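Here is a short briefing to read with the structure open beside you. Take the topics in any order you like.

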Amino acid sequence: MKLSSITPDIIENGQFRIAFSAMGTNCEISYTATSENQAFSFREKTLNWINYFENRYSRYLPKSLISKINNSAGIQPVKITEEDYRLFNFCDTLHFLTKGIFDPTTLPLSKIWDFKSKNPTVPPKFIIEEALSKIGWKKVVFDEDYTFLPESGMGIDLGGFGKEYAVDRVIELAKEHEISSALVNLGGDVRSIGSPPNSDFWRIGIEDPNFKGQARFALIANNLAVATSGNYQRYFESNGVRYGHLLNHQTGYPTTSSYLSASVVAKTCLEAGILSTCSLLDGKESGLKIIEDYFGAEGCLWTKNGISWSKNFTSHIAKN
């Protein structure tokens with residue numbers, strides 16, 4: 001079924017809601033429109049764009065651009081569009097800003113650490129070293145017309161920021177349709193504009209990783225984005241060692257940080273998502289510093305023993 005065939009629910013006071021599945025997760029968009037025509041036009045444009053984005057950039061779909069690039073690694077360049085070029089330029093910027101922590105070429109590492117297997121195991125050291133040799137965003141060759149992975153076995157995976165990028169694009173589509181109140185939630189990555197019809201604030205619950213399914217507090221998120229990266233839902237244990245799914249491409253192993261999750265508030269969902277992931281990978285002190293050094297961002301990091309947060313994070317916590 002095409003995403004665009006889904007009919008939005010009319011709640012009340014001109015507020016509409018769309019619930020659907022995309023990019024391997026549950027998604028929901030709530031928004032206020034002045035007419036059904038405005039609501040349906042936004043719905044069609046949004047769902048068509050999300051469908052296009054997933055089909056073009058998912059590494060799991062065999063006909064996507066990313067699959068074509070990965071399958072052509074070490075063989076030949078792949079022709080790209082202007083939008084593709086902008087996206088790869090964006091990857092270049094993120095790689096630079098995070099000092100290499102963000103790297104879209106970590107697919108070889110992800111393939112050998114199979115957290116979806118019924119009996120996951122730690123890969124042999126020589127397999128890890130071989131995967132690491134295939135990683136490096138700076139190796140990627142691209143210009144306005146073509147992208148090329150120069151070594152066989154290299155691979156791009158945009159899963160590290162795809163949902164966050166999509167959230168921000170949907171907010172832009174809402175603005176283009178003159179919608180002034182909306183909350184976009186794609187698998188827990190959230191951004192809002194305006195405020196809901198019957199309240200002064202959008203409130204986003206933040207789950208306590210020590211008590212799954214329970215929100216420890218709510219954040220006020222008017223005209224802001226919230227993203228959470230967790231290391232506590234997908235993991236396995238081997239010989240008494242706990243291996244979380246967040247992989248450190250500098251070592252080849254899952255992060256050894258004692259932190260279970262990180263939540264970040266920022267102006268865009270992409271910024272929030274990249275900061276939350278990078279802060280978890282980097283660990284306690286330097287992880288918080290990554291957030292605090294980024295203008296306009298605040299965040300918190302969770303361990304089994306409690307929370308550490310940036311200087312002004314508590315200003316975003318709802319009082320009641």
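The notes below cover a pocket, a small sheet and some salt bridges.

This is a predicted model, so please read each point with that in mind. The second largest pocket holds about 560 Å³ of space, an open sheet is built from three strands, and the structure contains 13 salt bridges.

**The second largest pocket**

- The lining of this pocket is made up of 24 residues.
- Nearest the centre of the pocket lie Leu 97, Thr 98, Ile 274, Leu 275 and Tyr 294.
- Four helices each give at least two residues to the lining: H3 (82-97), H6 (162-176), H7 (269-282) and H8 (284-292).
- Helix H7 provides the largest share of the lining, with six residues.
- By residue class, the lining has 11 nonpolar, four polar and nine charged residues.

**The three-stranded sheet**

- The strand order in this open sheet is S4-S6-S5, and the pairing is antiparallel.
- Strands S4 (78-79) and S5 (141-142) are the edge strands, each pairing on one side only.
- Strand S6 covers residues 146-148 and is joined to S4 by two bridges, the two strands running antiparallel.
- If you would like a place to start looking, Val 78 stands opposite Thr 147 in S6.

**Salt bridges worth a look**

- Which residue does Glu 82 pair with in a salt bridge? The partner is Arg 86, and the closest N and O atoms are 3.5 Å apart.
- Glu 82 and Arg 86 are four residues apart in helix H3, so about one helical turn separates them.
- Glu 82 counts as exposed because its relative accessibility is 60%, above the 50% cut-off, while Arg 86 is partly exposed at 47%.
- Asp 293 and Lys 289 also meet through their side chains in a salt bridge, with an N to O distance of 2.6 Å.
- Asp 293 is exposed, with 53% relative accessibility, and Lys 289 is partly exposed, with a relative accessible area of 47%.
- Is Asp 208, which forms a salt bridge with Arg 216, buried or exposed? Asp 208 is buried, because its relative accessible area is 6% and the cut-off for buried is under 20%.
- The N to O distance between the side chains of Arg 216 and Asp 208 is 3.4 Å.

Conventions: Residues numbered from 1 in each chain as written. Predicted model: local features only at pLDDT ≥ 70, side-chain atom pairs only at ≥ 80, totals over all residues. Heavy atoms only, no water. 1 Å grid on protein atoms, 1.4 Å probe; cavity = no way out; pocket = protein on both sides within 12 Å on 5 of 7 lines; lining within 4 Å. Points joined across faces, edges and corners; volume = space filled by probe spheres on them. Nonpolar A, V, L, I, M, F, W, Y, C, P; charged D, E, K, R; others polar. Pairing = 2+ DSSP bridges. Salt bridge = Lys/Arg side-chain N within 4 Å of Asp/Glu carboxyl O. Buried < 20%, exposed > 50% of the residue type's maximum accessible area, 1.4 Å probe, protein only.
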